[in-house]
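Hi everyone, thanks for making room for me today. I'll put the structure up, and then we can walk through a few parts of it together.

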Amino acid sequence: MLAWAVVFARPMDAAAASVAPSLVGASGLVQVRRDGPAGGAWATVEKTPAPLLGGTAVRTGKKSSGFLRLGEGVTVLLQEDAVLTLEDLRPERLLSRLEIGVAAVRCAPGRPGLVQFRTPAAALTSRGAEFRVTVLSGGRTAVELAEGELGVEDNRGHQLLLRAGESVQVDLRGLEVP
């Protein structure tokens, strides 16, 4: 489970942590749509870093990935065939929605503000955690926590606090026992 954590092993320097939200790396086909997943045409990212605004959707193609810096201490590795919508990028409240695919997320401990990732089946809340979230077709969500603590809530309001090394699956019926 921790093999994906090596992506975040290098700490960010102070200058990098203060930059505006952006797509800082892309491999293969990475596209953005400024009005979310239901908006206009997808535009291929030709050059990084590419600035990201609230409401922007990012998608990756086959054998592609995108590395996003969403703000101070928050990075996301978006793996192949994924769609992530950046709903709110204010420093005090980062909110993203993973529609489908896999995202490895790192929220630095002590980072100010709340970081939330939503999926069709769950809401994940972190104030400092390293985790991977997988969304399959039909909304089924798997969450693996490498470090820190992560709040998980299903669509029925049931909540669970994951601790390092724990995982859980959530579908439209609710949380499974971790």
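So, let's start with the outside. The accessible surface of this protein comes to about 8,600 Å², and 54% of that belongs to carbon and sulfur atoms. Keep in mind as we go that this is a predicted model.

Now the overall picture. There are 178 residues in the protein, and 48% of them are buried. For secondary structure, you get one helix and 16 strands. What about contacts along the chain? If you take the contacts between residues at least 6 apart in sequence, 45% of them join residues at least 24 apart.

Okay, let's zoom in on one strand, E8, residues 83-90. Is it enclosed or open? Six of its eight residues are buried, so E8 is largely enclosed by the rest of the structure.

Who are its partners? On the one hand there's strand E5, residues 56-60, which runs antiparallel to E8 and is joined to it by four bridges. If you want a spot to look for on screen, find Ala57, which stands opposite Thr85 in E8.

On the other hand there's strand E9, residues 93-107. E9 is also antiparallel to E8, with seven bridges joining the two. How many residues sit between E8 and E9? Just two, and the pair forms a hairpin. Here you can look for Arg90, standing opposite Arg93 in E9.

While we're on strands, one thing to remember: in a regular strand, side chains alternate between the two faces of the sheet.

Let's jump to another strand, E1, residues 22-27. E1 runs antiparallel to strand E6, residues 65-71, and five bridges hold that pairing. Gly25, for instance, has Phe67 in E6 as its bridge partner. E1 also pairs with strand E4, residues 50-51, again antiparallel, through two bridges. There, Ser22 is matched with Pro51 in E4.

That brings me to my last stop, Pro49. Where does it lie? Pro49 is in the loop between strand E3, 43-44, and E4. Buried or exposed? The cut-off for exposed is over 50% relative accessible area, and Pro49 has 58%, so Pro49 counts as exposed.

Pro49 still has company, though. Leaving aside neighbours within four places in sequence, Pro49 is in contact with Ser22, Leu23 and Val24. And Pro49 and Pro21 are 28 residues apart in sequence, with 9.5 Å between their C-alpha atoms.

That's my tour, so over to you for questions.

Note on methods: Residues are numbered from 1 along each chain as its sequence is written. This is a predicted model: local features need pLDDT of at least 70, side-chain atom pairs count only at pLDDT 80 or more; totals for chains, interfaces and linings use all residues. Side-chain values use heavy atoms; hydrogens and water are left out. Buried means under 20% relative accessible area, exposed over 50%, partly exposed in between (1.4 Å probe, protein chains only). Two strands pair if DSSP finds at least two bridges between them. Contact means heavy atoms within 4.5 Å. Accessible areas come from the Shrake-Rupley method with a 1.4 Å probe; for residues, only the protein chains shown count as cover.
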